[in-house]
Amino acid sequence: NPTTSNPTTSNPTKNPTSDPTAHPTTAEPSNDPTSSPTTPEPTKNPTKSPTLSPTFDPTLSPSLNPTTKNPTIAPTPSPSTKPTNSPTSDPTSQPSPSPVTPTDTTIKVELLLDDYPEETSWSIIDTCEGGGEIVSGENYTVAGEAVSVEVTVPPSRFMMNIIDTFGDGVCCNHGQGKYEVFMDGLLVADGDEFDAMESHFFGNCGDGPQTQKPTGEPTTNATPRPSNATPRPSG
């Protein structure tokens with residue numbers, strides 16, 4: 001008896017004991033297939049339902065068109081700062097101080113008398129055409145008195161005359177007299193020691209004529225001293 005039921009060396013049976021599969025590819029399958037696939041059954045619907053419409057609606061016009069019909073910052077309907085209804089400070093009702101008109105000239109005479117005031121007199125004359133004496137002083141009685149006279153007149157050329165009837169001025173043997181003349185605040189004439197008379201000119205006539213300078217001596221003789229006047233010491 002052979003050791004195996006089907007020796008490899010023996011001739012095969014002429015016919016298989018049973019009909020083989022037509023084309024077996026693998027080993028003999030299991031008797032029964034699995035009832036269901038090994039992978040789980042796929043879901044009937046997607047896990048997340050898709051959105052019904054796009055997340056962002058497309059613009060109705062091309063992307064290059066301006067996004068707004070008007071500028072992004074609308075201009076203000078009126079100026080940003082409202083102007084004041086009136087000036088910030090009220091103007092003065094009148095200029096201060098009122099300027100002196102060009103036709104006004106102020107002349108001031110400062111006179112300090114000596115010990116014989118009755119001998120002193122003075123005057124200021126407008127020497128231009130149509131002029132004349134504008135101010136004067138005389139008949140002083142107080143020794144050492146300070147006299148101040150001021151007058152405002154149109155501009156002109158003026159002459160200041162001062163007279164001492166005794167002929168020795170207002171300084172310096174019998175008192176410390178002097179005189180000063182100012183025009184518009186500027187000193188234009190001054191003096192103290194002179195003889196019987198002294199004269200000064202100041203100002204301008206413009207194109208008009210002026211009177212001639214007077215002679216160096218008064219037109220009237222020196223008046224004698226009153227009889228009750230204190231005689232001056234000799235020397």
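Two strands pair if DSSP finds at least two bridges between them. With that in mind, let us turn to the structure shown above, which is a predicted model.

I begin with strands E2 and E5. Strand E5 covers residues 157-164, and seven bridges join E2 to E5, the two running antiparallel. Two positions illustrate this pairing. Ser123 stands opposite Asn161 in E5, and Ile124 stands opposite Met160 in E5.

Strand E2 also pairs with E3. How many bridges join E2 to E3? There are four, and these two strands run antiparallel. Here the bridge partner of Ile125 is Glu133 in E3. E2 and E3 form a hairpin, with six residues between them. In the turn of that hairpin sits Gly130, whose phi is positive, at about 85°.

We may now place these strands in their sheet. For those new to the subject, strands of a sheet pair through backbone hydrogen bonds, either parallel or antiparallel. The sheet here is open and consists of four strands in the order E3-E2-E5-E10, with antiparallel pairing. Which strands form the edges? They are E3 and E10, each of which pairs on one side only. From one strand to the next, the twist averages 15°.

Why is E2 described as largely enclosed by the rest of the structure? The reason is that six of its seven residues are buried.

I turn next to the disulfides. A disulfide is a covalent bond between the sulfur atoms of two cysteines. A search of the whole structure finds two of them.

One disulfide joins Cys128 to Cys205, with an S to S distance of 1.6 Å. Cys128 lies in the loop between strand E2 (120-126) and strand E3 (133-137), whereas Cys205 lies in the segment after strand E10 (197-203), so the bond ties together parts that are 77 residues apart in sequence. Is this disulfide left-handed or right-handed? The torsion about the S-S bond of Cys128 and Cys205 is about -105°, so the disulfide is left-handed. As for its surroundings, Cys128 has a relative accessible area of 10% and is buried.

The other disulfide is formed by Cys171 and Cys172, whose sulfur atoms are 1.7 Å apart. Its S-S torsion is about 90°, so this disulfide is right-handed. Cys171 is buried, with a relative accessible area of 10%. Cys172, at 31%, is partly exposed, because buried means under 20% relative accessible area and exposed means over 50%. Counting the bonded cysteines along the chain, the disulfides of the protein follow the pattern 1-4, 2-3.

A further residue deserves attention beside the Cys128 and Cys205 pair. Where is Ser156 placed? Ser156 is in the loop between strand E4 (146-153) and E5. Its relative accessibility is 6%, so Ser156 counts as buried. Leaving aside residues up to four places away in sequence, Ser156 touches Asp126, Cys128, Phe202, Gly203, Asn204 and Cys205. Both cysteines of the disulfide between Cys128 and Cys205 are therefore among the residues that Ser156 touches, and Ser156 is buried at 6%.

Phe202 leads us to the aromatic residues. The structure holds two aromatic pairs. In one of them, Phe158 and Phe202 are tilted, at 5.7 Å centre to centre and 35° between the planes. This pair links distant parts of the chain, with Phe158 in strand E5 and Phe202 in strand E10, 44 residues apart. Are Phe158 and Phe202 buried or exposed? Both are buried.

The other pair consists of Tyr179 and Phe194, which are edge-to-face, at 6.3 Å centre to centre and 80° between the planes. Tyr179 belongs to strand E8 (residues 178-183), and Phe194 lies in the loop between strand E9 (186-191) and E10, 15 residues apart. Both Tyr179 and Phe194 are buried.

Finally, a word on confidence. The protein averages a pLDDT of 73, and 44% of the residues score at least 70. Over residues 213-221 the pLDDT is below 50. Beyond near neighbours in sequence, that stretch has twelve contacts in the model.

To summarise, the open sheet has the order E3-E2-E5-E10, and the disulfide of Cys128 and Cys205 ties together the loop between E2 and E3 and the segment after E10. The aromatic pair of Phe158 and Phe202 links E5 to E10. Thank you for your attention.

Conventions
Residues numbered from 1 in each chain as written. Predicted model: local features only at pLDDT ≥ 70, side-chain atom pairs only at ≥ 80, totals over all residues. Heavy atoms only, no water. Disulfide = S-S within 2.5 Å. Buried < 20%, exposed > 50% of the residue type's maximum accessible area, 1.4 Å probe, protein only. Axes fitted to C-alpha atoms, helices over the stretch in contact; angles between N-to-C directions. Phe/Tyr/Trp six-rings, centres within 6.5 Å; stacked < 30°, edge-to-face > 60°. Contact = heavy atoms within 4.5 Å. pLDDT = per-residue confidence, 0-100.
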